[in-house]
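Thanks, everyone, for making the time this morning. I would like to walk you through one structure, slowly, and I will start with a pair of charged side chains before moving outwards.

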Amino acid sequence: MRPFELLEPRSLREAVAALEASDARPMAGGTAIMLMMKAGVLRPGCLVSLRSLRLEQLEVASDGALRVGAMTTLRALEKSEVVRKGWPVITKTLRTLSNVRVRNVATLGGHLAHGDPHMDLPPLLSALGATATIAGPKGERTSPVEALYSGYLETTLRKGELITRVEIPALGRKRAAYLKCTTRSADDWPALGVAVVMDGDKPTIVVSAATDRPTRLASLEAAEALHIESDLHGSAAYKKQLLRVYLKRAIHEARNASH
């Protein structure tokens, strides 16, 4: 790795200001950015650590929504009784998201901001209708999680912007499921991910890993016309067949999930 400067701002304002430098990049848990730097894919001159910003809150709001600070680790989210009782599909999904060593360090904000279509939570949170609160040089804004992505490893986050919080609506009477197919171990990167949220008999479906970003299906029939990406996890034809199988399984699992 090339040498870099490490900054540890104590406030959100300081962090946003530091990130306006052209060669600065934010660092949350560091699990993804360090791998990219070691591989030479990313060569920032400055890393801005977010560890001191106190963004680890995890609470249920008065309207029943789950509010999660961007620096909350995936392991804390996985172990939360609040999450397990109100959003069991998130708990189940996290159990096979990478391994426990990564989940102990990786954060929700970093996970969403990375932009890799093989991540497990972006399609699930998109289907659940989650929104992200984003702070930047021009103030604060909100965005649906599914609108954060514009392509492979590309997001709609602007220069100097940071995800500070994610809000997930209460499930209520809805039922949800997330299934993924991996080509090696259960916690490997998926060849396909399918998130389904059932509101009565109406499904919300978001597909990932087989596409260059989390992609919402307008209908079951739309799956056949979906543009599928080939990669080291499988060919487009293989993933197309996976989608036919896993879409039916995910809908069945969501319909039979407990409230």
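Please look at Glu 78 and Arg 103, whose side chains meet in a salt bridge with a distance of 2.8 Å from N to O. Glu 78 belongs to helix α3, residues 74-79, while Arg 103 belongs to helix α6, residues 100-103, so this pair ties together parts that are 25 residues apart in sequence. I should say early on that this is a predicted model, and please keep that in mind throughout.

Are these two residues buried or exposed? Glu 78 has a relative accessible area of 10%, and because buried means under 20%, Glu 78 counts as buried. Arg 103, at 6% relative accessibility, is buried as well.

Now let me turn to a second pair, Lys 92 and Glu 253, which form a salt bridge whose closest N and O atoms are 2.6 Å apart. This pair links distant parts of the chain, with Lys 92 in helix α5, residues 88-94, and Glu 253 in helix α9, residues 236-255, the two being 161 residues apart. Lys 92 is partly exposed, with a relative accessible area of 46%, and Glu 253 is also partly exposed, at 26%.

The third pair is Glu 146 and Arg 216, where the closest N and O atoms are 2.5 Å apart. Glu 146 sits in the loop between β7 (139-144) and β8 (149-151), and Arg 216 sits in strand β14, residues 215-217, so here the salt bridge ties together parts that are 70 residues apart in sequence. Glu 146 is partly exposed, with a relative accessible area of 27%, and Arg 216 is partly exposed too, with 40%. To come back to our starting pair, salt bridges that share partners join Glu 78 and Arg 103 with Arg 75 into one network. How many salt bridges does the structure hold? The structure holds 13.

Let us step back to the domains. The chain is divided into domain 1, which covers 58-168, and domain 2, which covers 175-255. In the contact, 23 residues come from domain 1 and 22 residues from domain 2. The C-alpha centres of the two domains lie 19 Å apart. Domain 1 and domain 2 bury about 1,900 Å² between them, and 60% of that is on carbon and sulfur atoms. Three salt bridges are found across this interface.

Finally, on the surface, Met 1, Phe 4 and Leu 6 make a nonpolar patch of about 290 Å². Phe 4 is found in the segment before β1 (5-7), and Phe 4 is partly exposed, with a relative accessible area of 31%.

Notes:
Residues are numbered from 1 along each chain as its sequence is written. This is a predicted model: local features need pLDDT of at least 70, side-chain atom pairs count only at pLDDT 80 or more; totals for chains, interfaces and linings use all residues. Side-chain values use heavy atoms; hydrogens and water are left out. Patches are made of residues with over 30% relative accessible area and no salt bridge: like charges are joined within 9 Å, nonpolar side chains (Val, Leu, Ile, Met, Phe, Trp, Tyr) within 5 Å. Accessible areas come from the Shrake-Rupley method with a 1.4 Å probe; for residues, only the protein chains shown count as cover. A salt bridge is a side-chain nitrogen of Lys or Arg within 4 Å of a carboxyl oxygen of Asp or Glu. Helices (H or I, at least four residues) and strands (E, at least two) are DSSP runs, numbered from the N terminus. Buried means under 20% relative accessible area, exposed over 50%, partly exposed in between (1.4 Å probe, protein chains only). Domain bounds come from an automatic or database domain assignment. Contact means heavy atoms within 4.5 Å. Buried area is the accessible area (1.4 Å probe) that two parts lose on being put together, summed over both.
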